Amino acid sequence: MEREILSVGIDFGTTTSQVIFSRICLENISYTAIPDVRVKSKEIFYKSGIYFTPLNAQAEIDIPALQDILTAEYSRAGVRREEISTGAMIITGETARKGNAEMALHGLSADAGDFVIAEAGPDLESVLAGYGAGTADISRNLEGEVINFDIGGGTTNAAAFRNGDLQEAFALDIGGRLVRFDESMRIKYISLRLEPLLKQLNLNLRVGDEVSFSCLKKLTDALAEIILHISRGETLFEAEQALFIAHGVRQRKFSKVMFSGGVAECIYAAGEKMTNEWLGRFNDIGPLLGASIRQYFQNAADISVLVPKEKIRATVIGAGGYSVKLSGTTVITDDRCVPLKNIPVVHIENPDSSEMLHAEYLMKRSLYPAAQQVAIAFSGIAAPAYQQLRILAQNLARETAEESGLLLVLVEHDFAKALGLLLKQYAEGKRVICLDSISARDGDYVDVGQSVASIVPVAVKTLIFES
């Protein structure tokens, strides 16, 4: 049985915002009474223009202006809000750092349907951009890792994937609008985050100065060189390391690189001659940064530059989902903790290795705020021995010992009750929900309902990206 729903993807970024409406066809492929609903097809039927993200006089998100944009785009698309069944609203980059970011997200989505809402920090933004650009999918067909650099107005967000699985995520204060000009080609803004690098380069850029093409080219060449050094696993100077947001990156070589974001449009646009007149079209260093990156990577014979599926529109278009009903006799649940909605999934590829589980959980858990409830998901072997389950429970209890809230674990195979009982033993003082027959990956969100007649309803929402 098939069902068509309308979905909306809304992306509020540092520099730009956009809205995409799509039709998603859901198909129930189950032959039993337990539904298994999958996304059969998706069709984007409306894309908004790309707006500059509105800010108010306090440099916070201008919520009324965003509401006006959404109202106008719903009207242009011919869609009423009550027709939207599901969707995703993501706020990223510098915009996510604004004091009223959470208020904006929840206020804007309150009457718009069952939304997945993500206030994306720099690392989560990197992952979402990697999925949106198609990096995860492309890595499934190539040997080794593929890294995507999503270069926007304020930040560069990087995520590396191997065989579709996230390996690394980090972000830098590198972007096309870190230096901006006015209509008379005088500098009107220089990001404070560039000061150490400008000092290292002996560049005396000041607000009010006339744009010097040669000085700006020296800056954008240096920024491009930083990205190249990271791709080659080379050591960075102190001023270059200062551009990392929150943390750095493990030094290793990435031989396959791709770019998305607004600056990517300039990276892949070969043939444009860089002049002051051309820069004046955008009033920032984005085009020059794109040209510098293109030049540096064209000369890097040891690195293959791949073309993303999406560049500036590497954004989520909505959320599909499927529901699974689970027998309460094979799970551990706690109705005092439910219902749970839009809980992000941390998928563990290597649950059977204590050392690898620790490294993977540390990296993927850091994508979300410490107070954010997450669901830990993994496959594991089909029929683990008691000793294996005991070690797994000890490891999960240890990894989550400093976290408050519920320990929510999802496994694909039929051993949730045995694992859940051990988790109750080793994660002393924590409430535990451990469910089986659930397949969920990084980037998914889950809803968990109250048990009814020994059945626990679970909805897994998978973010859908343009492809």
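This is a walk through a five-stranded sheet, its aromatic pairs and a few neighbouring features. Keep in mind that the model is predicted.

Let's start with the sheet. Five strands make up an open sheet in the order S9-S8-S7-S12-S13, and their pairing is mixed. The edges belong to S9 and strand S13 (304-306); each has a single partner strand, so one side of each has no neighbour in the sheet. Going from one strand to the next, the twist averages 25°.

Take the antiparallel part of that sheet. S7 and S8 run antiparallel to each other and share six bridges, with Val146 standing opposite Phe161 in S8. The two strands form a hairpin, and four residues lie between them. The next step is another antiparallel pairing, S8 with S9, this time over seven bridges. Here Thr156 stands opposite Leu172 in S9. S8 and S9 also form a hairpin, with two residues between them, and Asn163 in that turn has a positive phi of about 50°. As for cover, strand S8 (residues 156-162) is mostly hidden, with six of its seven residues buried.

On the other side of S7, the sense of pairing is parallel: S7 and strand S12 (residues 256-260) pair that way over four bridges. If you want a spot to look at, find Asn148, which stands opposite Met258 in S12. Then bring helix H7 (residues 213-232) into view: H7 lies across S7, S9 and S12, and runs at about 160° to S7.

Now for the rings. How many aromatic pairs does a search of the whole structure find? The count is eight. One of them is Phe21 with Tyr74: the ring centres are 5.0 Å apart and the planes stand at 85°, so this pair is edge-to-face. Phe21 lies in strand S2 (residues 16-28) and Tyr74 in helix H1 (residues 63-77), so the pair ties together parts that are 53 residues apart in sequence. Both partners are tucked away: Phe21 is buried at 1% relative accessibility, and Tyr74 is buried at 4%.

Another pair takes us back to the sheet. Phe149 and Phe170 are also edge-to-face, with 6.5 Å from centre to centre and 75° between the planes. Since Phe149 lies in strand S7 (residues 146-151) and Phe170 in strand S9 (residues 165-172), this pair ties together parts that are 21 residues apart in sequence. Phe149 has a relative accessible area of 0% and is buried, and Phe170 is likewise buried at 0%. These two rings belong to a cluster: ring pairs link Phe149, Phe170, Phe244, Phe259 and Phe297.

Some rings have a charge for company. Tyr74 turns up again here, with the charged end of Arg81 sitting over its ring, 4.6 Å from the centre. Over the ring of Phe45 sits the charged end of Arg23, 4.2 Å from the ring centre.

Last, the cysteines. Which is Cys266, buried or exposed? Cys266 has a relative accessible area of 12%, so it counts as buried, because the cut-off is under 20%. Cys337 is buried too, at 17% relative accessibility. A disulfide would be a covalent bond between the sulfur atoms of two cysteines. A search of the whole structure finds zero disulfides.

How values were computed:
Residues are numbered from 1 along each chain as its sequence is written. This is a predicted model: local features need pLDDT of at least 70, side-chain atom pairs count only at pLDDT 80 or more; totals for chains, interfaces and linings use all residues. Side-chain values use heavy atoms; hydrogens and water are left out. A disulfide is a pair of cysteine sulfur atoms within 2.5 Å. Buried means under 20% relative accessible area, exposed over 50%, partly exposed in between (1.4 Å probe, protein chains only). Rings of Phe, Tyr and Trp (its six-membered ring) pair if their centres lie within 6.5 Å; planes under 30 degrees apart count as stacked, over 60 as edge-to-face and the rest as tilted. A charge sits over a ring if NZ of Lys or CZ of Arg is within 6 Å of the ring centre and within 35 degrees of the ring normal. Two strands pair if DSSP finds at least two bridges between them. Axes are lines fitted to C-alpha atoms, for helices over the stretch in contact, and angles run from 0 to 180 degrees between N-to-C directions. Contact means heavy atoms within 4.5 Å.
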